[in-house]
Amino acid sequence: MKLNLKRPLVFYDLETTGLDVAKDRIVSIAITKIMPDTSVEKKYTLINPQMPIPKESSDVHGITDKMVEFSPTFKQVSKSMY
């Protein structure tokens, strides 16, 4: 199937500390951007959520507190992600 894009199409994949949008935070962001010329740009970064990652969440996505300890915060990367 061929896409006939006039503008870029962007897909976001987030991993978080949980499911509560009011209190939980992002721990990783993966972005795939498909351009009208069919080129593809990809970005991925771990995010320090500035709160402990519950074991139940780590069991799902495999991201631990130690892995994000020195990662940037969401505020530090949000404007550069797209």
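# A walk through a predicted protein

Q50 is found in the loop between strand 3 and helix 1, the latter covering residues 55-61. Helices and strands here are DSSP runs (H or I, at least four residues, for a helix; E, at least two, for a strand), numbered from the N terminus. Please keep in mind that this is a predicted model: local features need pLDDT of at least 70, side-chain atom pairs count only at pLDDT 80 or more, and totals for chains, interfaces and linings use all residues. Residues are numbered from 1 along each chain as its sequence is written, and side-chain values use heavy atoms, with hydrogens and water left out.

## The overall picture

How many helices and strands does the protein have? There are three helices and three strands, and along the sequence they follow the pattern β-β-β-α-α-α. The protein is more spread out than a compact globule, because its radius of gyration is 15 Å, well over the 12 Å that the globule rule gives for 82 residues. That radius is taken over C-alpha atoms, and the rule is 2.2 Å times the number of residues to the power 0.38. Along the principal axes, the C-alpha atoms fill a box of roughly 45 × 25 × 25 Å.

Now for the surface. The accessible surface of the protein comes to about 6200 Å², and 58% of this belongs to carbon and sulfur atoms. Such areas come from the Shrake-Rupley method with a 1.4 Å probe; for residues, only the protein chains shown count as cover. Of the 82 residues, 30% count as buried. Buried means under 20% relative accessible area, exposed means over 50%, and partly exposed is in between (1.4 Å probe, protein chains only).

Contacts tell us about the fold, too. A contact means heavy atoms within 4.5 Å. Among the contacts with a separation of 6 or more, 43% are between residues 24 or more positions apart.

As for charge, the protein has 12 positive and 10 negative side chains, and the centres of the two sets lie 10 Å apart. Lys and Arg count as positive and Asp and Glu as negative, while His and the chain ends are not counted. Each charge is placed at NZ of Lys, CZ of Arg, CG of Asp or CD of Glu.

## Two nonpolar cores

In soluble globular proteins, nonpolar side chains tend to be buried together. A nonpolar core is a set of buried Ala, Val, Leu, Ile, Met, Phe, Trp, Tyr and Cys residues joined through side-chain atoms within 4.5 Å. Which residues make up the largest nonpolar core? It is a group of six: I26, I29, I31, I47, V77 and M81. Strand 2 (residues 26-34) gives the most to this core, with three residues. A second, separate core has five residues, including L46, I53, I63 and V68.

## Six residues to look up

Here is how accessible six individual residues are.

| Residue | Relative accessible area | Class |
|---|---|---|
| T17 | 1% | buried |
| S28 | 2% | buried |
| T45 | 17% | buried |
| D37 | 54% | exposed |
| T38 | 55% | exposed |
| Q50 | 58% | exposed |

Let us start with the buried ones. T17 sits in the loop between strand 1 (9-16) and strand 2. Setting aside neighbours within four places in sequence, T17 is in contact with D24, R25, V27, P49, M51, P52, I53, P54 and S57. From T17 to E69 there are 52 residues in sequence and 14 Å in space, C-alpha to C-alpha.

S28 belongs to strand 2. Beyond its neighbours within four places in sequence, S28 has contacts that include D13, L14 and E15, as well as Y44, T45 and I63. T45 is part of strand 3, and its partners outside that same four-place range are V27, S28, I29, P72 and M81. The C-alpha atoms of T45 and V68 are separated by 9.7 Å, with their positions 23 residues apart along the chain.

On the exposed side, D37 lies in the loop between strand 2 and strand 3. D37 and N4 are 33 residues apart along the chain, and their C-alpha atoms are separated by 9.2 Å. T38 lies in the loop between strand 2 and strand 3 (40-46).

What is the phi of T38? It is positive, about 75 degrees, although T38 is not a glycine. Q50 is not a glycine either, and has a positive phi of about 60 degrees. Most residues other than glycine have a negative phi.
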